[in-house]
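Please examine the structure shown below. The paragraphs that follow lead through its interior, its loops and its surface in turn.

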Amino acid sequence: MSNAIEFQPILLGSDINVYGMARSFHEAFGITSIALSASELAPTKYSKIVEVRSHPNFDHEETFLEVLRNFAEQHQSDQKKYLLVACGDGYALLASKHRQELSKFFEVPYIDYSLYQQLENKPDFYNICEQYGLPYPKTVLVTPESDIDGLVDALTFPYPMILKPGNSISYLEVHFEGQKKAFTIKDSEEMKLMLHRCYEAGYPDEMIIQDFIPGGDENMRVLNAYVDKNHKVRMMCLGHPLLEDPSPKAIGNYVGILPDYNEAVYQQIQDFLEKIGYTGFANFDMKYDPRDGSYRLFEINLRQGRSSFYVTLNGYNLAQYLVEDRIFDQPFTKTVYGKGSKLWLGVPKKVLLQYVNPTFKDEIQNYIQSGNYGTTLFYSKDKSPKRYLLMKYAFHRYIGAFKTYFRK
């Protein structure tokens, strides 16, 4: 590939998602990324492949715009392209909301804000799923005005049920006892208690009560896609998560992913993304429902996710598709449907083997023994004693987290 056009990735954030994208850019192009963030977090600390520039309150809209305007002004005469890559929900929202202004200087691979609002809000997303015939769990919405006790008493799903916020961004701004990223609720009393606490803490949006899809973490699936500026899906890669982080504020974060392939799922999601005029990265969480054989969608993340490096690990470099489209202006030729061959690890091998569903242990051992596995954080071209020790410590902490929080 010709690299005659100079470009610079500008990553928004400093977490594991940022490191995964920085590593993707480095593997594909040998380039060091710049990360703009409110603070420097452990995954990007002591790294040689990403330069973190911290700006207090960068995650606030006014500061976000001020920093990017100043950056554009300082680099106005540069003979290179600057590519914005949001690595968190809040940054993706701001990039989409201010896409028109930011696009005067940066390359901004995000959808129009009106579409963003429909897809980011889970109740609206489920309405869109209904419109396009995409399966999703049976759902009841709760609002701040709802008669909580009466609504809960009228529920017809069997317990356990799932409870989660309709707006993940505003949910992060409130705090209450027992708060989790998502809840598995055992009975009506617990449902009432958590809903009352959530709204008394000031949460302003919908909460979602959903039918619990049978099966454990191993019934989950995750799909990443890249859609080009002309709304053509260039790449899709399906993963089979085996285990999730059990820590209360990290529930739903995958810590082990096997490669997967499903033509029906690929076709269904491709048709959806192209019909709605999507562009950029999309990350879908879904769960296999053994009751009818469907894959029911939980949400779409309007960016690549914290575990999306599993795509690059399996040979479908996330940065390459983005750069080919947005920087080198290479025309669409075909959709690549990922068929991976490597296990992605987000925890130490022994943690995955100890807590995963036992039916997968032999398969995991085969990947490990054959060397067909990898992580986001341990990169052979980004070694230093300080970084290695910090990453080992970060991985080691999962041992205590699983001991404390894991429940079968």
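**From the interior to the surface**

I269 has a relative accessible area of 1% and is therefore buried. The model discussed here is a predicted one. I269 belongs to helix 10, which covers residues 263-275. When neighbours within four places in sequence are set aside, the residues in contact with I269 are L223, M236, F284 and L297. A further distance links I269 to V233: the two residues are 36 residues apart in sequence, and their C-alpha atoms are 9.6 Å apart in space.

A second buried position can be found in helix 11. This helix comprises residues 309-313, and F309 lies within it. F309 counts as buried because its relative accessibility is 3%, and the limit for a buried residue is under 20%. Which residues does F309 touch, not counting those up to four places away in sequence? They are G20, R23, S24, E27, T375 and T376. One of these contacts, T376, may also be described by its place in the chain: F309 and T376 are 67 residues apart along the chain, yet a separation of 6.1 Å lies between their C-alpha atoms.

Helix 6 shows how burial may be described for a whole element. The helix runs over residues 122-132, and its buried residues are K122, P123, F125, Y126, I128 and C129. After helix 6 comes G133, a residue with a positive phi near 70°.

The loops deserve attention next. Strand 10 (220-227) and strand 11 (233-244) are joined by a loop that contains D228. Is D228 buried or exposed? D228 is buried, because its relative accessible area is 1%. Apart from neighbours within four places in sequence, D228 is in contact with R234, Y278, T279, D325 and F332.

H231 also lies in the loop between strand 10 and strand 11. With a relative accessibility of 32%, H231 counts as partly exposed, whereas D228 is buried. The backbone of H231 should be noted as well: its phi is near 70°, a positive value in a residue that is not glycine.

A positive phi is also present in another loop. D329, although not a glycine, has a phi of about 55°. D329 is located between helix 12 (318-326) and strand 15 (336-337), in the loop that separates them.

The peptide bond itself provides a further backbone feature. Where is a cis peptide bond found? The bond from Y159 to P160 is cis, and its omega is near 5°. P160 is part of the loop between helix 7 (148-153) and strand 7 (161-165).

The path now leads to the surface. There, a patch of positive charge is formed by K349, K350, K392 and K403. Which helices each supply at least two residues of the positive patch? They are helix 13, covering residues 349-355, and helix 15, covering residues 385-405. K350 may serve as an example from this group, and its place is in helix 13. K350 counts as exposed because its relative accessibility is 56%, and the class of exposed residues begins over 50%.

In review, the path began at I269, which is buried, passed through the loop that holds D228 and H231, and ended at K350, which is exposed.

Definitions and conventions
Residues numbered from 1 in each chain as written. Predicted model: local features only at pLDDT ≥ 70, side-chain atom pairs only at ≥ 80, totals over all residues. Heavy atoms only, no water. Patch = residues over 30% accessible without salt bridge, like charges linked within 9 Å, V, L, I, M, F, W, Y side chains within 5 Å. Areas by Shrake-Rupley, 256 points an atom, 1.4 Å probe, with all protein chains shown as cover. Salt bridge = Lys/Arg side-chain N within 4 Å of Asp/Glu carboxyl O. Lys, Arg positive; Asp, Glu negative; His and termini not counted. Charge placed at Lys NZ, Arg CZ, Asp CG, Glu CD. Helix = DSSP H or I, 4+ residues; strand = E, 2+ residues; numbered from the N terminus. Buried < 20%, exposed > 50% of the residue type's maximum accessible area, 1.4 Å probe, protein only. Contact = heavy atoms within 4.5 Å.
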